[in-house]
Amino acid sequence: MYKAIVRPLLFLFKPETAHHLTTALLKLFYKLPGAKALLHRFFHYEDPSLARTVLGLRFPNPIGLAAGFDKNARLVDEMAALGFGFVEIGTLTPEPQKGNPTPRLFRLREDKSLVNRMGFNNEGVAAAVARLRKRKSAIVVGGNIGKNKITPNEKAIDDYEACFHALYEVVDYFTVNVSSPNTPDLRALQEKEPLKHLLLHLKNLNQQKPKPKPIVLKIAPDLNNHQLDDIIDICLEIGIDGIIATNTTIEREGLKTQKEKIKEIGAGGLSGRAIRKRSTEVIRYLHQKSGGHLPIIGVGGIFTPQDALEKLEAGASLLQVYTGYIYEGPSMLKKINMALVRQPLQEQTSF
Ligand SMILES: Cc1cc2nc3c(=O)[nH]c(=O)nc-3n(C[C@H](O)[C@H](O)[C@H](O)COP(=O)(O)O)c2cc1C
């Protein structure tokens, strides 16, 4: 039904319009009497074998909503009703910002991929906090934090700190995003020294809190092995709780979409099918090199149960989806979870 009717209709609209339309309709529908039960009946799949403890948090199933879909924490209860095991909100910045001029989100249909250069468009951390205070569901929520565009990298730490303090009471874990390609120079914060400085600072702030929350680092798929080694060393040394691998790529190799179209679209991060392989490679590398000591949240190009299994087998403890959800629709989670129950991994690590 989604692929035959809903998706063709939605794909008549520009991608960002389709996103706003779908989420507005979902919010409206959710308010109707009985809607929550209906969503639950169609899209939830529960089985005790799907539940796992990672980062010291209990997840009913391993599939979460990746950052960027619900930047402003408007859809947490709705996504819980749709069967997600957790939701990551953000990326949030201290001050609201508009992001890049539109159009800034593009479909590469032949590649089942997207290119975005949203640029952290968000309503600012305070607006998200106010919404999270009112949420009804008990779903695990991650707060993905970043810096405002106008904040220079030398002051980036202040932005992450402001978001950390603001969100501390209302999220279950934090994601430090230094890997978006759409904020100028942000990815320079992935370099050894600035990264160490930032993570150490956040770790210290966290330890001063009555109940420290897990902090994970989200990385780009474009890092080489040497840079990945540095990241593992830093995370293990500082005691960062896990890694999200990966964000979108700036690479455009191996796409089926015509070169002229890709050129016309221009800069941005590529997500979806086109990054599946690379993101799994990064997960496998991190898992092997860290000796399995760093929990990994695997994200990038998950569409099918096979894709999910591939990432779990490579060493991911949890998964996230974004682009696959757009192309496959809401029944995707149930399909994956059912397959995971049928074909459990030999070894399930609990962190
Ligand atoms: C439109 C769009 C916006 C995104 N915004 C963010 C963001 O704000 N912060 C972030 O950490 N990742 C963001 N991402 C990256 C996703 O969270 C995810 O890491 C990436 O898309 C790979 O997963 P996928 O192939 O399942 O989409 C965004 C992705 C898309 C497609």
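Okay, let's start with the ligand: β4, β6, which is residues 113-116, and β11, which is 269-272, each supply at least two residues of the shell around the ligand. Keep in mind, folks, that this is a predicted model.

So who else is in that shell? In total, 24 residues surround the ligand, and the closest are Ala67, Thr91, Gly272, Gly301 and Thr323. If you sort the shell by class, you get 14 polar residues, eight nonpolar ones and two charged ones.

Now, the backbone contacts. Gly272 has a backbone N or O atom 2.8 Å from an oxygen atom of the ligand. For Gly301, a backbone N or O atom also sits 2.8 Å from a ligand oxygen. Then there's Tyr322, where a backbone N or O atom is 3.1 Å from an oxygen atom of the ligand. And how much of the ligand does the protein cover? Of the 610 Å² of accessible area that the ligand has on its own, 98% is covered.

Let's zoom out to the fold. We've got eight strands closing into a barrel, with parallel pairing, and going round, the order is β3-β4-β7-β8-β9-β10-β12-β13. From one strand to the next, the twist averages 25°.

Take one pair as an example. β3, residues 63-65, runs parallel to β4, residues 86-92, and two bridges join them. Within that pair, Leu65 stands opposite Val87 in β4.

Last stop, a helix. α10, residues 276-289, lies across three strands: β9 (215-219), β10 (242-245) and β12 (296-299). Its direction is at about 165° to β12.

That's my tour, thanks!

Key:
Residues numbered from 1 in each chain as written. Predicted model: local features only at pLDDT ≥ 70, side-chain atom pairs only at ≥ 80, totals over all residues. Heavy atoms only, no water. Pairing = 2+ DSSP bridges. Helix = DSSP H or I, 4+ residues; strand = E, 2+ residues; numbered from the N terminus. Axes fitted to C-alpha atoms, helices over the stretch in contact; angles between N-to-C directions. Contact = heavy atoms within 4.5 Å. Near = heavy atom within 4 Å. Polar contact = N/O pair within 3.5 Å; in protein donor to acceptor, adjacent residues only side chain to side chain. Areas by Shrake-Rupley, 256 points an atom, 1.4 Å probe, with all protein chains shown as cover. Nonpolar A, V, L, I, M, F, W, Y, C, P; charged D, E, K, R; others polar.
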